[in-house]
Amino acid sequence: MTDIPDNHTTTSSLEEPGLDFRLGALGAAIPLIFFVGWAIITSVLGLSSEIGLVMGCLFGLTLGLLFCKSRWEAYAQGLFSGMAQPIGVVAVVAWFYAGMLAQVLQTGGLVEGLVWLGGISGASGGAFVGLTFVLAAVFSTAVGTGYGTTVAFSTLMYPAGVALGCDPVVLFGAILAGAIFGDNLAPVSDTTIVSATTQEADVPGVVKSRFKYSIMAAVPSLVLFVLLGNASSDAGGNQEALNAMMAQTDPMGLLMLIPFALVLLLALRGHHLITSLTWGIVAASVMIVAAGLAAPGEIMAFDPGSDTVMTGALVDGVSGYVNMAILILLIVATAHLLKLGGTMSAVTKGLMRWIGDSVRRAELAIWGIVALLNSAITINTAAEIAAAPFVRELGKKYRIHRYRRANMLDAVTSALGYIFPWGAPVLLGWATITAMQGQYAWLPVVAPTEVFPFVFHGWFLLLIMLFAAATGWGLHFEEDETVDEATPTR
């Protein structure tokens, strides 16, 4: 792998003059500081949303203009230059294709097929909790959306699991843990794409390199879910829940595992992610129509009476990422202003005084930065985007391999996003279960504060990455020729 992105960065830095800010390096950080503060406050107030985060970033960039001592035209040019960087653009295009694939697979009934598989398994209690974790992991890896996994499995598998004697708290934890698995590992996941592109790495290489961390966290998690998944008492309304679940299932949805496997195979064999996703979208669309799983219009259709004119899974897949696409471009631009204003250099130098020559301290600093931002910003992709520039800058200073940087960034982000009680996916799952009480009056609701100790995959993933940072286990360095060759830690 060549270091072309590094050359691009160096060239742009030489050609583009720096910016002067009131308060110096702190002034250049005002847009990011405002954005993080905005994200924290809106999260605490329960007002967090993607478009709200976009507005917070725009307000921050406008405020930064008032702190700029250079010509405002130079500030604006720096903003536009940042938005034009390949890092953000690549992530946006990959998101759109991944979103289309995810929606097509869901239209084909993949989740219903997996639920059918769970329903006929005959598992109950802890065994059903373990199966739920596995199926949620498969689904989230296929579609790349942990949030979608949380909603789908909370709607279908949660009431069935309670009816089959599962502990509700542990069952909810298994659903969240399965969502984490795919969010972290799936080549089509938004966090995977962001972690790879912002660290100037290829997605297939990143996925292959992080599999060992994911599976090490998944195995003990599965064991604990099976051991702890039995309810202390029987739940009522068992037959009602099972009948309702099976009525919504369809084994034909399992056909969608074929295009998912095709995408995974092509990506891991070195094909470009866009190429892999395109083949997956085409294969899934053809299979859906041929098998009668959905009408062609559900994949894409023209409807002059709708607000969007075009409707269907492909349109939903793109529109679902528009706000996040705008946000990543704005955050990348904000990070570019940090570089032009000297903030990035000042922060890096400050951290290096503590780090010294220790690569392990550098990785601990990276782990801490990512964990801190994810503790504050409840939408995990937004937190990852905000942390990425610091991870890249610090990692490059110590020649930490881009795969390693991407894995540290993504694992901590994926884990914490589904652990904290104030995290968006945790609240989303809780709201989904609460809403179902209108249909199942006997269904217990698990509070977010109850479930967070039982999201085992998230905790194991977090601790594994902390252990890796503290000990240097699995550490690789960037090399001129063989970037995958391990180098002894320092």
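**Exercise 1. Backbone outliers in loops**

Where is L23 found, in terms of the elements α1 and α2?

*Solution.* L23 is found in the loop between α1 (4-15) and α2 (25-28), where helices (H or I, at least four residues) and strands (E, at least two) are DSSP runs numbered from the N terminus. The model is a predicted one, in which local features need pLDDT of at least 70 and side-chain atom pairs count only at pLDDT 80 or more, while totals for chains, interfaces and linings use all residues. Residues are numbered from 1 along each chain as its sequence is written, and side-chain values use heavy atoms, with hydrogens and water left out.

The next step is the backbone: phi of L23 is near 75°, which is a positive value in a residue other than glycine. L23 has a relative accessible area of 58% and is therefore exposed; the classes are buried for under 20% relative accessible area, exposed for over 50% and partly exposed in between, with a 1.4 Å probe and protein chains only.

A second case is R399, a residue other than glycine whose phi is also positive, near 55°. R399 has its place in the loop between α21 (380-397) and α22 (402-417), and with a relative accessible area of 39% R399 is partly exposed.

**Exercise 2. The overall fold in numbers**

State how the protein is built in terms of its elements, its burial and its contacts.

*Solution.* Begin with the elements, of which the protein has 25 helices and 2 strands. Then turn to burial: of the 490 residues in the protein, 54% are buried. Finally, take the contacts (heavy atoms within 4.5 Å): among those between residues at least 6 apart in sequence, 79% join residues at least 24 apart.

**Exercise 3. Two helices that cross**

Describe the geometry of α11 and α12, and list the residues of their contact.

*Solution.* Helix α11 covers residues 190-198 and helix α12 covers residues 203-228, and their axes come within 9 Å and cross at roughly 110°. Such axes are lines fitted to C-alpha atoms, for helices over the stretch in contact, and the angles run from 0 to 180 degrees between N-to-C directions. The two helices are therefore roughly perpendicular to each other, given that angles under 35 degrees count as roughly parallel, over 145 as roughly antiparallel, 65 to 115 as roughly perpendicular and the rest as oblique.

On the side of α11 the contact is made by T192, S195 and A196, and on the side of α12 by V203, V206, V207 and R210. By class, the residues of this contact divide into 4 nonpolar, 2 polar and 1 charged, where Ala, Val, Leu, Ile, Met, Phe, Trp, Tyr, Cys and Pro count as nonpolar, Asp, Glu, Lys and Arg as charged, and the others, Gly among them, as polar.

**Exercise 4. An aromatic pair**

Classify the pair formed by the rings of F139 and F153, and place it in the chain.

*Solution.* The structure holds 9 aromatic pairs; rings of Phe, Tyr and Trp (its six-membered ring) pair if their centres lie within 6.5 Å, and planes under 30 degrees apart count as stacked, over 60 as edge-to-face and the rest as tilted. For F139 and F153 the ring centres are 5.8 Å apart and the planes stand at 45°, so the pair is tilted. F139 belongs to helix α8 (residues 125-143) and F153 to helix α9 (residues 146-163), with their positions 14 residues apart in the chain. F139 counts as buried, at 0% relative accessibility, and F153 likewise counts as buried at 0%. Elsewhere, ring pairs link F133, F225, F454 and F456 into a cluster.

**Exercise 5. Residues distant in sequence**

For G118 and Y440, give the setting of each residue and its C-alpha separation from a partner elsewhere in the chain.

*Solution.* G118 lies in helix α7 (residues 110-119) and is buried, with a relative accessible area of 2%. Leaving aside residues up to four places away in sequence, G118 touches F128, L131 and L135. The C-alpha atoms of G118 and T249 are separated by 9.9 Å, although the two residues are 131 residues apart along the chain.

Y440 has its place in the loop between α23 (424-435) and α24 (448-451) and is buried, with a relative accessible area of 4%. Its partner is P159, 281 residues apart along the chain, and the C-alpha atoms of Y440 and P159 are separated by 8.1 Å.
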